[in-house]
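User: I am new to this structure and should like to understand the terms applied to it. Please explain each one by setting the value against its cut-off.

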4 protein chains.
Amino acid sequence: MIFGSDNMVGASPRVLAAIQAANEGTAPSYGADPWCAAALAALGEVFERPVQAYFVSTGTVANSLALAALVPPWGAVLCQRDGHVLADESSAPEFFTGGARLVPLAPVAGKLTPEVVAARLANTGHPPHHAVPRALSITQANERGLVYTPDEVAALARCGRGHGLRMHMDGARFANAVASLGCSPAELTWKAGVDVLCLGASKNGALMAEAVVFFDAALARDFEFRVKRAGQMAAKARFFGAQFGAWLADGHWLALAHGANAVAARLAAGLDGVPGVRRVWPVQANEVFVVLPRALGERLRAQGAVFYDWPEDTLPEGQALGAHEMLVRFVASFASRPEDADALIAAAAAAGA
Amino acid sequence: MIFGSDNMVGASPRVLAAIQAANEGTAPSYGADPWCAAALAALGEVFERPVQAYFVSTGTVANSLALAALVPPWGAVLCQRDGHVLADESSAPEFFTGGARLVPLAPVAGKLTPEVVAARLANTGHPPHHAVPRALSITQANERGLVYTPDEVAALARCGRGHGLRMHMDGARFANAVASLGCSPAELTWKAGVDVLCLGASKNGALMAEAVVFFDAALARDFEFRVKRAGQMAAKARFFGAQFGAWLADGHWLALAHGANAVAARLAAGLDGVPGVRRVWPVQANEVFVVLPRALGERLRAQGAVFYDWPEDTLPEGQALGAHEMLVRFVASFASRPEDADALIAAAAAAGA
Amino acid sequence: MIFGSDNMVGASPRVLAAIQAANEGTAPSYGADPWCAAALAALGEVFERPVQAYFVSTGTVANSLALAALVPPWGAVLCQRDGHVLADESSAPEFFTGGARLVPLAPVAGKLTPEVVAARLANTGHPPHHAVPRALSITQANERGLVYTPDEVAALARCGRGHGLRMHMDGARFANAVASLGCSPAELTWKAGVDVLCLGASKNGALMAEAVVFFDAALARDFEFRVKRAGQMAAKARFFGAQFGAWLADGHWLALAHGANAVAARLAAGLDGVPGVRRVWPVQANEVFVVLPRALGERLRAQGAVFYDWPEDTLPEGQALGAHEMLVRFVASFASRPEDADALIAAAAAAGA
Amino acid sequence: MIFGSDNMVGASPRVLAAIQAANEGTAPSYGADPWCAAALAALGEVFERPVQAYFVSTGTVANSLALAALVPPWGAVLCQRDGHVLADESSAPEFFTGGARLVPLAPVAGKLTPEVVAARLANTGHPPHHAVPRALSITQANERGLVYTPDEVAALARCGRGHGLRMHMDGARFANAVASLGCSPAELTWKAGVDVLCLGASKNGALMAEAVVFFDAALARDFEFRVKRAGQMAAKARFFGAQFGAWLADGHWLALAHGANAVAARLAAGLDGVPGVRRVWPVQANEVFVVLPRALGERLRAQGAVFYDWPEDTLPEGQALGAHEMLVRFVASFASRPEDADALIAAAAAAGA
């Protein structure tokens, strides 16, 4: 009943086997090895076009470096109030961008909309006195477990583009979004106007590997300098390449995401039947947000269930917690099994009975 | 005949096995797992005292973050002219320190000496107009394959301490130095006045893992914030822990280093007998620097030998390259075998004949 | 009818005369001159205690450097949504703090309250993943022309102090606030818990001079290094000293502020009688915010009146602009005369008739 | 006998009068005033072409911002070992550039030469691992009182240009160099390949005013954002404009520099005749460097003479101080009179007798 985070499990066996296989022999350092080359080629196939991609060790550095490539230090990045780049990465984005600003926007029904973005852009202020919006950042799937459809992404990108904004997608759970939407990775990114995707593998089957994927090579100019200065130019980069290669091969990444999504859906459906449990958001990826009676939550934890409290201010507009309620998040990982969900549902049902 | 760098090989089998073993099951994220705890305990044993240690993915970020903990943005770090922090890490140290300055010092017989440091410190300038020296950084083993004895480290630290300088040791090849000197890790670090050691495992048996080891807990205050902002707080930190645990267990790290050092010594001894080859520095760790006739170097490369050109300005004072000579570096790794050295020696002898 | 900003006029005659007087002869550079010494002594008298103070050329750099002394790069500064540090200084605060974050808070009745601050602090997040609040910044008088009483300042400081927050006061119009409240500068600052005051003279009689005033000397440690690195250690600092000395002497600074406040009050009272004009905030310093019929505003401008449009989202909660209305700000300076206000009132009355 | 620095005097009467004249009435803030416009026009005339120029308060911030416009954070700036940007501005250049590196070069006969620059550029290293030279910075007149002829500037710029380097000139004493060389400001800057000149007025007649002058408008792109973020967008910018306008009008700036240079020359000639005094560098601007018997130096100071000790390592190659000698610098300012020089010479002659 471990649903704390999808980063609490290890790597998928295929990814781990690839690391082991790549361990043999010598190879050039710093990315000039065949595994990195193969992974880049695989990314090109997945996205149906040549891309510029750089491998790094965490999502925080991936996002921060990507934003640094999109906005100058006097620029601003519009993002959702509870977006990971704003809420969970300390001030790393400020650090890597040289002091650019993240501007929190209130979501509508859990996501950013062109209307919200346009309203903020209408009030542009007086440069150079004000930080100038230069990028829009969305999370896919987002921090409330919701996905943006290709049309929604395109509408947001179009809105931003009209004001000179670049489009960044934090794809820590991009695989879950693609698996959920059934569209192509291309449709969800560059075809919809995304300039840079931070493609996360760590939460979905890799050991430690993220890719910053540029669809516009011009934006990647000098990016290797940023990677180096960030201390992310790994000597044994072949292991990044090996992880991504295995992860992307034969749709493994999507298969893993499908598994996680399915368990999340199963869990949500089961919890819907438990009295006193109130679902907060539709389950569109691998995260389930529910309001629980506090006593129920505590009993579940006493039985070994792992899940996180979530801030009340992420509830849908107009909703609030009751005096004895808690908002919690369950996350299914690629390694979660249907029986894990069933066990938690059963425990909840028993506890509530 | 691959002697390009010790980062051109993978992980040792024991380290790899540990990664595989750690892959099972779920664990708390961000370092709150048993593998990290065990690795920290192992570091405490190796250094014979409790330490504060933080795991990161590259030597560049390890050094840069360590320096950031030692000097304010208006501080200066004294280091050898060709020290890795100055010469090979782009301006990452400036980035992570918020703009502190690295001050290049000319070595004597390949290493920094208290006299060189003292001469620079005698000329302190007028704060706040001048960058104020606040740390001394040495590499152990250094960029010329030389090691500092515990006494030499202590003399440097003492010299710096008298002017308020902290002592940083870039230990990307610390294992090779310990193996070479036969002293204890404690004698070579905190007992000699080192404040922070960047302990490199990546070059000597790990996949991708470095530790920033603080011997003075006060200096580590807020360091976790630096790690987080650097994008180095890995979700699946257990794999850092697993690597370090296996690497340190049963003296594995030193056994690996002994192996590399022995091959380097064998290679150096063999090359000494090749006409036209001129040894540049004593071989005290796993690196061999020689001047080769350019024709010989090219013939060796044509036969598959891999080694790097090295800048002429690192030759001992007063020496220069002849018109048809080249300065090159051979590095033995933990995976190098005696027969690799023998093959290169034989090829050199044959080519020179 | 020039009410655009209090920075549209020059220096007061007394300040200018002091500059001229200080121009004679030679003096040590970089602040080691008698004028700076005298100005520091005057600040000590005004604040009834020894202070550490540093002179700089603009309010932006004063605020940014002060915040840099209060929060680490991973810290957050709580401030009003439309506070000058957040809304009007580009990302200078991020630049000087090394990437700290400004957190916008919604005001209540135009000002921050302990409740608003406490609500934000209740949700502290999980360090080091989240930016950690380390300072509270208020503007006195604030961007809506409102002043905080000593009790209000103390309540805010107390609220912050309980969570480890330092207290910063942006005093670009501190003189106007003191003149308005009739309290002592000490009561409004350190006695109420303010750690650092950015005391602005530029808007109220100086040519170009601001002081960063520390009431806790420990916080000023190393501040001269920050000043130097900011490019603010002026060679001919005597002119900063001369400006501040003359400005503070004999209550000149408060006399100037009283003059500005009085004209603002006169203007507000007069405009209250003009049909269609709606006052937005009480006039507590030298700024007047009113909603005008757009046609009236345009006619006034056509007659030479100068005033700024102001963002609608600074209206009191629940208020909005009508279709043909505009929100505007009038600012009186020390050089404004009663007849300037009368002229504008008359023009408005005539235009509205 | 005050020859400590040319920043120990105030403003020239004409500059001060201009400040006073500009104090009347209201004007738009932040540089949109007629004085700034007139000063920009005057700069265009002086340099015989349209320029982009920005006024700031100190030379440190002028140089640092200019370098930030020329090099990325991973770039390096080549400069003389004892250049002001490297030796006297704390780590402000690192701060404003976001962590770029200053690379010290040893001068030949007191100045940089194309040979020295070319030698450093020949060793370019391996990007992105090494900081990449992107700019060359020279001081005119330099820190040893020497000037670069237009031909010398052009040779340096050409050398750098071949490697993609931009050319920065620290012109804190540019007026003295122009006055000394008798060439046109254009010949000494853009016609010789200078991209950005930091034109200092503070040391030569202004109160506090420097201009960053771009000859290539493309390089000035977004520069106003840098100025704003630096806290250098002065509200009452008209006073910068007024200072520069008066300073440039009718060749006033050059007349002031001629005066300073003449006094320096007179002083040098006189000291040449004093036994035991050894001149170090030709006097080409307003600075005189001499080696004095320590006893003589002390006696002069006892009589009220003011001059600075200078670091021994700036002596010409191969020279050293004797046991009882000191290296000192005398600087003449625009306000220095011939009789000041004569007094010092007489005192020296008497003391040495």
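User: Why is C:R266 called partly exposed?

Analyst: The model is a predicted one. In it, C:R266 has a relative accessible area of 40%. Buried requires under 20% and exposed over 50%, with partly exposed in between. The value of 40% falls in between, so C:R266 is partly exposed.

User: What makes the pair C:R266 and C:D342 a salt bridge?

Analyst: The N to O distance between the side chains of C:R266 and C:D342 is 2.7 Å. The limit for a side-chain nitrogen of Lys or Arg and a carboxyl oxygen of Asp or Glu is 4 Å. Because 2.7 Å is within 4 Å, the pair counts as a salt bridge. C:R266 lies in helix 12 (residues 252–272) of chain C and C:D342 in helix 14 (residues 338–352) of chain C, so the salt bridge ties together parts 76 residues apart in sequence. With a relative accessible area of 30%, C:D342 is partly exposed.

User: Why does D:D195 count as buried?

Analyst: The relative accessibility of D:D195 is 6%. The cut-off is under 20%, so D:D195 counts as buried. D:D195 forms a salt bridge with D:R161, with the closest N and O atoms 3.0 Å apart. The two belong to distant parts of the chain, 34 residues apart: D:R161 is in helix 7 (residues 150–161) of chain D, and D:D195 is in the loop between helix 9 (185–188) and strand 6 (196–200) of chain D. D:R161, at 37% relative accessible area, is partly exposed.

User: How do you know that A:E94 forms a salt bridge with C:R101?

Analyst: The closest N and O atoms of A:E94 and C:R101 are 2.8 Å apart. That is within the limit of 4 Å, and therefore the pair qualifies. This salt bridge crosses between chains, from helix 5 (residues 92–97) of chain A to strand 3 (residues 101–105) of chain C. A:E94 and C:R101 are both buried.

User: How many salt bridges are there between chain B and chain D?

Analyst: There are 2 salt bridges between chain B and chain D. In one of them, the side chains of D:E94 and B:R101 meet at 2.7 Å, N to O. The rule also finds 18 residue pairs in polar contact across this interface. Helix 4 (84–87), helix 5 (92–97) and strand 3 (101–105) of chain B each supply at least two residues of the side of chain B that touches chain D. By class, that side has 11 nonpolar, 6 polar and 5 charged residues.

User: What area do chain B and chain D bury between them?

Analyst: Chain B and chain D bury about 1500 Å² between them, 35% of it on carbon and sulfur atoms. B:S90, B:E94 and B:R101 supply 35% of the area that chain B buries against chain D, more than any other three residues.

User: What is the area buried between chain B and chain A?

Analyst: The buried area here is about 3900 Å², of which 57% comes from carbon and sulfur atoms. In chain B, the residues losing the most area to chain A are B:F95, B:R229 and B:K236, together 21% of what that side buries. Across this interface the rule finds 0 salt bridges, while 23 residue pairs are in polar contact.

User: What makes strand 5 of chain D mostly covered?

Analyst: Of the 6 residues of strand 5 (residues 166–171) of chain D, 5 are buried.

User: How do you know that strand 4 and strand 5 of chain D are joined?

Analyst: Strand 4 (residues 132–139) and strand 5 of chain D run parallel and are joined by 5 bridges. Pairing calls for at least two bridges, so 5 bridges satisfy the rule. In one of these bridges, D:S137 has D:H168 as its partner.

User: Why does A:R173 count as buried?

Analyst: A:R173 has a relative accessibility of 9%. The threshold is under 20%, so A:R173 counts as buried. A:R173 is found in the loop between strand 5 (166–171) and helix 8 (174–181) of chain A. A network of salt bridges links A:D6, A:R173, A:E287 and A:R329.

User: What joins the side chains of A:R173 and A:D6?

Analyst: A polar contact of 2.7 Å joins the side chains of A:R173 and A:D6. The limit for the N or O atoms is 3.5 Å, and 2.7 Å is within it. Residues that A:R173 touches also include A:Q140, A:K203 and A:N286.

Key. Residues are numbered from 1 along each chain as its sequence is written. Chains are lettered from A and ligands numbered from 1 in the order in which they are written. This is a predicted model: local features need pLDDT of at least 70, side-chain atom pairs count only at pLDDT 80 or more; totals for chains, interfaces and linings use all residues. Side-chain values use heavy atoms; hydrogens and water are left out. Buried area is the accessible area (1.4 Å probe) that two parts lose on being put together, summed over both. A polar contact is a pair of N or O atoms within 3.5 Å; within protein, one must be able to donate a hydrogen and the other to accept it, and residues adjacent in sequence count only if both atoms are side-chain atoms. Helices (H or I, at least four residues) and strands (E, at least two) are DSSP runs, numbered from the N terminus. Ala, Val, Leu, Ile, Met, Phe, Trp, Tyr, Cys and Pro count as nonpolar, Asp, Glu, Lys and Arg as charged, and the others, Gly among them, as polar. Buried means under 20% relative accessible area, exposed over 50%, partly exposed in between (1.4 Å probe, protein chains only). Contact means heavy atoms within 4.5 Å. Lists of a residue's contacts leave out its neighbours within four places in sequence.
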